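This report concerns helix packing, salt bridges and side-chain exposure in a single model. The structure is shown first, and the description follows.

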Amino acid sequence: MTETLIGFAVLLLLVLARFPLAYSMGIVGFVGFAWLIDFNWNATLSMAARRIVDTGQDYSLSVIPLFILMGNLVNKAGISSELYRASNAFVGHRKGGLSMATILACGGFSAICGSSLATAATMSKVAMPPMRQYGYRDSLASASIAAGGTLGILIPPSVMLVVYGLLTESSIRELFAAGLIPGLLGVVLYLLAVKWAVSRDPESAPPLKALSWPERFAALKGVLSTLVLFVLVMGGIYAGVFTPTEAAGIGAAGAFVIALLKRQLSLPVLKEVLVDTAITSSVLFSVVISALIFSNFINRAGFTDELLMWVTGMELSPFAVMGIIILVYLLLGCVFESMSMLLLTVPIFFPLVQSLGFDLIWFGILVVVVTEISLITPPVGMNVFVLSGVIKDISTKTIFRGIVPFWVADMVRLALIAFIPAISLALPHWLYA
């Protein structure tokens with residue numbers, strides 16, 4: 001265990017020194033593995049090369065660039081604006097209606113995009129101007145965007161769920177099914193958080209004039225393409241018509257057609273989309289490969305076995321151990337961003353969780369919800385910093401002040417999922433049992 005603890009200490013120092021995560025995990029894992037086998041560099045190089053080749057040839061990993069491509073095409077097609085307009089048509093007349101519309105639009109956009117940071121950055125440009133125009137306080141307006149953006153990490157298709165599935169060899173389609181109800185629960189709780197915030201400060205979100213029902217239904221026309229694409233991709237996966245990888249290819253092709261039909265796709269835009277997809281995918285692949293090399297080091301050192309023996313010796317109940325793991329995640333969320341936290345901790349915790357008899361699909365949803373909370377948890381709060389970077393005249397302090405009701409809503413959802421596993425497991429059990 002000593003070697004592993006030293007490795008973790010070095011890794012933490014490198015990450016805190018803002019050394020790239022992929023390099024940090026790769027170097028520590030590579031050198032640590034060599035240390036354990038008396039610096040047999042040929043064997044260490046063979047291990048690293050095998051990880052790189054096997055990961056690069058893994059067919060299931062192709063789902064990542066395809067879903068990223070789908071999200072980028074959807075973003076360029078301007079669907080975020082149409083989702084916001086449709087949501088606003090139905091709830092904009094209520095107190096806090098524009099914030100509620102933002103939450104609903106974020107939920108719909110993230111269901112196609114799959115990225116929290118992209119959702120927050122995109123919706124800030126769409127939702128912030130009208131909220132300011134109608135007198136919404138900056139704290140509530142910005143916080144609803146930052147919090148709504150976190151929905152992209154869980155609502156399928158989710159890149160985080162794909163990465164978790166690859167790390168634990170869990171079924172990606174079952175993870176997608178398990179994430180749907182908790183994702184919708186997050187939307188509902190966020191709407192209640194807006195209602196609670198407005199009840200405490202009615203002047204923060206004045207109501208707007210209600211639209212007629214014909215006007216509301218007219219606003220829905222713009223989101224039909226998004227609804228069809230979501231039903232096609234996720235419905236096909238849930239029904240077993242095609243695999244997640246096939247669904248990702250169909251989704252990317254569908255998003256391409258939508259962008260063409262909306263006349264938003266020129267050759268320069270297509271080049272930008274493809275280059276951005278390639279860069280994002282290669283960065284993510286490098287991080288995943290480095291995480292797997294680091295995982296090899298941990299397993300070779302026998303850390304997971306020793307951790308299990310240590311936990312067993314403490315004679316704690318499985319639920320007490322799970323409570324400690326959740327607490328560790330909440331503390332790490334204060335200093336790490338979500339992907340870093342997932343890649344660093346899952347290889348350590350999932351063998352322990354599995355040995356304690358917990359369902360890995362349920363644990364995956366729990367982990368993703370906790371990492372989602374980290375996106376709006378100070379002092380890091382990646383969504384908050386992305387938002388303050390896009391909207392230059394709003395400080396992170398203002399956003400964090402407005403985040404409190406949404407953070408409480410997330411903690412309520414975390415408790416519900418932890419104590420009622422059926423929230424996550426009912427749908428996959430019904431579909432695939």
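Valine 283 counts as partly exposed, at 48% relative accessibility; partly exposed lies between buried, under 20% relative accessible area, and exposed, over 50% (1.4 Å probe, protein chains only). Valine 283 belongs to helix α14, where helices are DSSP runs (H or I, at least four residues) numbered from the N terminus. Between valine 283 and tryptophan 407 the C-alpha to C-alpha distance is 29 Å, and the two are 124 residues apart in sequence.

The model is predicted, so that local features need pLDDT of at least 70 and side-chain atom pairs count only at pLDDT 80 or more, whereas totals for chains, interfaces and linings use all residues. Residues are numbered from 1 along each chain as its sequence is written, and side-chain values use heavy atoms, with hydrogens and water left out.

**Salt bridges**

The structure contains six salt bridges, each defined as a side-chain nitrogen of Lys or Arg within 4 Å of a carboxyl oxygen of Asp or Glu. Three of these pairs are listed here, including their N to O distances.

| Pair | N to O distance |
|---|---|
| Lysine 76 and glutamate 272 | 2.9 Å |
| Lysine 262 and glutamate 82 | 2.9 Å |
| Aspartate 201 and arginine 137 | 2.6 Å |

The salt bridge of lysine 76 with glutamate 272 links distant parts of the chain, 196 residues apart: lysine 76 is in helix α4 (residues 63-76) and glutamate 272 in helix α14 (residues 267-300). Lysine 76 is partly exposed, with a relative accessible area of 30%, and glutamate 272 is also partly exposed, at 43%.

In the salt bridge between lysine 262 and glutamate 82, the partners are 180 residues apart and again join distant parts of the chain, lysine 262 coming from the loop between α13 (244-261) and α14, and glutamate 82 from helix α5 (residues 79-91). Lysine 262 is partly exposed at 25% relative accessibility, whereas glutamate 82 is buried, with a relative accessible area of 14%.

Aspartate 201 and arginine 137 form a salt bridge that spans 64 residues of the chain, from the loop between α10 and α11 (213-220), which holds aspartate 201, to the loop between α7 (116-133) and α8 (138-149), which holds arginine 137. Both count as partly exposed, aspartate 201 at 26% relative accessibility and arginine 137 at 38%. Elsewhere, Glu372, Asp410 and Arg413 are joined into one network by salt bridges that share partners.

**Helix packing**

Helix α10 (residues 172-200) packs against helix α18 (residues 360-374) at an angle of about 40°, the axes being 9 Å apart. Axes are lines fitted to C-alpha atoms, for helices over the stretch in contact, and angles run from 0 to 180 degrees between N-to-C directions. The two helices α10 and α18 are therefore oblique to each other; angles under 35 degrees count as roughly parallel, over 145 as roughly antiparallel, 65 to 115 as roughly perpendicular and the rest as oblique. In this contact (heavy atoms within 4.5 Å), Glu174, Leu175, Ala178, Gly179, Pro182 and Tyr190 of α10 meet Ile361, Ile365 and Glu372 of α18. The contact residues comprise six nonpolar, one polar and two charged.

For helix α2 (residues 21-36) and helix α3 (residues 41-56), the axes come within 9 Å and cross at roughly 140°, and α2 and α3 are therefore oblique to each other. Phe30, Phe33 and Ala34 of α2 meet Trp41, Ala43, Thr44, Leu45, Met47 and Ala48 of α3.

Technical notes
Ala, Val, Leu, Ile, Met, Phe, Trp, Tyr, Cys and Pro count as nonpolar, Asp, Glu, Lys and Arg as charged, and the others, Gly among them, as polar.
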